[in-house]
Amino acid sequence: MKLLTGNDLKTGFVTWWTGADWSLHIEDAADVGEHGEAILAVEEAARRVNAPYIIAGEQTADGPRPAHIKDRIRALGPTVRPDLTLKPADPAAGDWVI
Amino acid sequence: MYKYDEYDHAMVAARVAEFSDQVKRRLAGEITEDQFKPLRLMNGLYLQLHAYMLRVAVPYGTLDSRQMRMLAHIARKYDRDYGHFTTRQNIQYNWIKLEDAPAILEDLASVEMHAIQTSGNCIRNISSDQWAGAAADEITDPRPWAELLRQWSSFHPEFSYLPRKFKIAVIAANEDRAAMRLHDIGIQIVEKDGEHGAAFYVGGGMGRTPMIAPLIKDFVPLGDMLSYAEACLRVYNRYGRRDNIYKARIKILIHELGADEYRRQVEEEFAHVKSLGIDPPKAEFDRIAEQFAPPALDASAPDAIDRSDPDFAVWVDQNVAAHKVPGHAIVNISLKPIGGIPGDASSAQIDLMADLAEKYSHDELRVTHAQNIVLPHVRKADLYAVWQALDGAGLATPNLDLISDIIACPGLDYCSLANARSIPVAQKIATRFSDLGRQKELGELKLKISGCINACGHHHAGHIGILGVDRKGTENYQLLLGGSGAEDVSLGTITGPGFDEDGVVDAIERVTDKYLAERSEGERFVDTFRRVGMAPFKEAIYG
Ligand code: HEM
Ligand code: SF4
């Protein structure tokens with residue numbers, strides 16, 4: 001599957017295209033198939049996202065996951081500061097990242 | 001400490017106002033990211049893995065308590081309660097919001113700080129010896145010269161769009177604590193016939209193509225220093241490889257021209273530049289130098305240290321260095337707790353260090369290129385109180401220059417250019433070697449880790465260096481041995497095939513075991529490596 005990601009203009013936070021909007025949570029990400037470029041062009045022009053790009057992902061039982069380690073780390077947060085990730089309370093949250 | 005004059009204030013205030021307006025227009029959608037990116041980079045604002053990252057300049061690594069407290073304030077109010085001190089003697093914040101950037105720059109300006117020229121193809125923040133003004137072995141304080149270079153290079157119109165970034169270091173001791181020869185220009189203040197002058201080393205650097213700067217001129221009278229630097233940059237600006245980003249640093253130009261030809265061109269240019277009157281009149285230099293006048297230290301202060309607390313004594317032996325004034329000492333605060341993140345400090349820790357500087361170190365602090373903090377002027381009689389306060393805040397790890405005092409770049413945990421993570425490797429190595437007796441047995445051992453070829457973690461200059469690479473989508477680590485960023489400068493050599501994260505920790509243990517087996521009396525790791533060569537280590541690592 002193909003995923004769309006970028007950073008929020010105001011906060012810089014990592015965001016994922018859900019099919020209709022942008023979400024901080026990779027679990028909300030939608031497979032954009034062949035339409036990535038077209039969506040990016042529209043969204044970037046509308047300035048709803050900063051520095052967007054298309055990545056390869058895979059569907060798992062827990063939701064979509066980026067294929068590359070860099071985007072897996074982006075999806076959750078720094079591996080060395082679990083307290084600063086999106087799921088600080090869940091010790092197993094990062095199990096799929098590395 | 002240098003205090004801003006009216007020009008400094010006006011320049012920084014104008015830039016804050018200008019950037020605030022640019023941010024407003026970006027947020028309102030009036031300009032695109034392509035238009036905005038070069039503007040934000042000119043103000044130290046990057047976009048990294050998780051958010052915007054702000055790099056704040058700490059000129060030649062020197063801060064007063066008020067500035068240090070402001071760094072804590074920014075971490076607390078706008079970031080996530082911590083900052084990362086870097087090999088460039090700066091601080092970086094990892095979680096900055098674009099909408100907060102103007103307020104942060106305003107806060108910084110209120111304590112005479114900014115983030116200008118911390119990015120882009122310009123002359124970057126000048127680095128220096130973190131013990132400047134205190135070191136027993138310096139011939140003079142290098143910082144007035146660094147400050148002069150700062151003023152000359154700030155908004156220098158001709159050098160705002162160089163072929164590539166440009167880094168300058170200034171030292172004034174034979175012991176090189178600033179990796180001077182790994183800078184685009186390294187200046188050492190030297191003495192000849194009772195006069196001070198500047199030795200110019202030009203064309204060093206790390207990154208993709210590491211090079212040690214050759215000596216271009218052994219003695220430039222200090223009254224000609226700016227003109228000579230101007231000439232060095234002009235030749236580079238004219239002939240540097242703007243066509244190829246990988247060949248655009250001055251080191252490549254000098255390598256291709258040869259040091260002799262580069263020197264010839266610089267001399268020719270210098271003859272012209274000197275007629276332009278760039279160097280300041282002596283009175284102006286004296287005005288700057290006055291602001292770095294040594295603090296009033298009482299040379300009759302007691303020289304003895306009460307070592308009855310054994311933990312304190314261990315810390316004194318490892319982290320405290322000789323001061324030029326009797327009865328005083330230089331305190332090195334390690335930001336490398338075992339298993340911690342090299343260079344990170346919490347707001348509370350930053351505040352505490354500011355308080356200690358105010359109370360015990362004549363209001364001064366330094367950031368070191370090894371990602372530690374220095375209190376440069378502490379009375380020996382106050383060392384115990386300082387140590388107790390540091391110890392209470394997790395800041396008294398007695399590991400300066402030992403194997404766990406690791407330089408590590410942010411790597412793939414934070415950096416968008418990274419191939420592999422650096423920090424977890426540093427944590428694993430420090431944990432493996434956590435026993436202090438074992439670390440001391442290994443002695444001085446500088447271990448440096450970068451998460452990619454850009455070499456922000458100085459891996460080429462580590463006695464042991466680690467470079468993170470991407471091997472088919474997984475993290476892999478190359479091991480280098482025999483580098484040094486000090487006065488015995490050298491570039492490390494790759495041992496052979498790379499390792500995974502645990503593999504590289506094991507390999508380092510085999511290397512240090514081999515060193516212990518091979519070393520002669522008094523040899524540091526790097527000395528033994530230089531004497532016996534790579535072969536025995538390779539054998540130990542790969543069998
Ligand atoms: C996280 C954001 C960072 C980015 C995007 C970044 C980018 C780069 C790049 C592209 C280079 C290579 C330049 C060249 O060879 O032309 C470089 C070099 C360097 N950076 Fe960084 N860096 C970052 C963080 C850091 C940090 C945190 C430090 C200090 C710990 C640092 C210190 C250095 C140093 C010392 C060099 C070597 C300079 C040389 O080649 O002579 N950088 N950086
Ligand atoms: S060395 Fe590479 S990974 Fe590390 S901070 Fe520099 S650019 Fe990022």
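**Exercise 1. The shell around ligand 2**

How do the residues of the shell around ligand 2 divide into nonpolar, polar and charged?

*Solution.* The model is predicted.

Step 1. List the shell: the residues around ligand 2 are B:Cys409, B:Pro410, B:Gly411, B:Cys415, B:Leu417, B:Ala418, B:Ser450, B:Gly451, B:Cys452, B:Asn454, B:Ala455 and B:Cys456.

Step 2. Assign the classes, with Cys and Pro counted as nonpolar and Gly as polar. The outcome is 8 nonpolar residues, 4 polar ones and no charged residue.

Step 3. Consider B:Cys456, one of the residues around ligand 2. B:Cys456 is placed in the loop between β17 and β18 of chain B. Through its SG atom, B:Cys456 is also the only protein donor of the iron atom of ligand 1, at 2.2 Å.

**Exercise 2. The strands on either side of that loop**

Determine which strands β18 of chain B pairs with, and in which direction each pair runs.

*Solution.*

Step 1. Begin with β17 (residues 447-450) of chain B: 4 bridges connect this strand to β18(B), and the two run parallel. Within β18(B), the residue opposite B:Leu447 is B:Ile464.

Step 2. Turn to β19 (residues 474-481) of chain B, which is joined to β18(B) by 8 bridges in an antiparallel arrangement. Here B:Val469 faces B:Asn476 of β19(B).

Step 3. Examine the connection. The hairpin of β18(B) and β19(B) has 2 residues between the strands, and B:Lys472 adopts a positive phi near 50 degrees in this hairpin.

Step 4. Assess the covering of β18 (residues 464-471) of chain B: of its 8 residues, 6 are buried, and the strand is mostly covered.

**Exercise 3. Salt bridges across the sequence and within a helix**

For three salt bridges of chain B, establish where the partners lie and whether each is buried or partly exposed.

*Solution.*

Step 1. Set the context: over all chains, the structure contains 58 salt bridges.

Step 2. Take the pair B:Asp64 and B:Lys3, whose side chains form a salt bridge with an N to O distance of 3.5 Å. This pair links distant parts of the chain, 61 residues apart: B:Asp64 belongs to strand β3 (residues 62-64) of chain B, while B:Lys3 is in the segment before α1 (6-27) of chain B. The cut-off for buried is under 20% relative accessible area. B:Asp64, at 4%, therefore counts as buried, whereas B:Lys3 has 39% and is partly exposed.

Step 3. Take B:Glu158 and B:Arg234, a salt bridge in which the closest N and O atoms are 2.9 Å apart. B:Glu158 is found in the loop between α5 (143-153) and β7 (168-171) of chain B, and B:Arg234 in helix α6 (residues 225-239) of chain B, so the salt bridge ties together parts 76 residues apart in sequence. B:Glu158 is partly exposed at a relative accessible area of 31%; B:Arg234, at 15%, is buried.

Step 4. Take B:Arg264 and B:Glu261, joined by a salt bridge of 2.9 Å, N to O. Both residues belong to helix α8 (residues 259-273) of chain B and stand 3 residues apart, about one turn of the helix. Each is partly exposed: B:Arg264 has a relative accessible area of 44%, and B:Glu261 has 26%.

Step 5. Look for shared partners. One network, made of salt bridges that share partners, joins B:Glu158, B:Glu230, B:Arg234, B:Arg238 and B:Glu269.

**Exercise 4. An open sheet**

Identify the edge strands of the sheet β6-β7-β8-β9-β10 of chain B.

*Solution.*

Step 1. Describe the sheet: its 5 strands form an open sheet in the order given, with mixed pairing.

Step 2. Find the strands that pair on one side only; these are β6 (127-128) and β10 (215-221) of chain B.

Step 3. Follow the edge strand β6(B) to its neighbour. β6(B) and β7(B) run parallel and are joined by 2 bridges, with B:Ala169 of β7(B) as the bridge partner of B:Ser127.

**Exercise 5. The chain as a whole**

Does the radius of gyration of chain B agree or disagree with that of a compact globule?

*Solution.*

Step 1. Record the content and extent: chain B comprises 17 helices and 20 strands, and its C-alpha trace spans about 60 × 60 × 55 Å along the principal axes.

Step 2. Compare the radii. For 543 residues, a compact globule would have a radius of gyration near 24 Å; the value for chain B is 23 Å, which agrees.

Step 3. Add the accessibility: 62% of the 543 residues in chain B are buried.

Conventions. Residues numbered from 1 in each chain as written. Chains lettered and ligands numbered in written order. Predicted model: local features only at pLDDT ≥ 70, side-chain atom pairs only at ≥ 80, totals over all residues. Heavy atoms only, no water. Salt bridge = Lys/Arg side-chain N within 4 Å of Asp/Glu carboxyl O. Buried < 20%, exposed > 50% of the residue type's maximum accessible area, 1.4 Å probe, protein only. Pairing = 2+ DSSP bridges. Near = heavy atom within 4 Å. Donors = N, O, S within 2.8 Å, 3.2 Å for Na, K, Ca; no water. Rg over C-alpha atoms; globule rule 2.2 N^0.38 Å.
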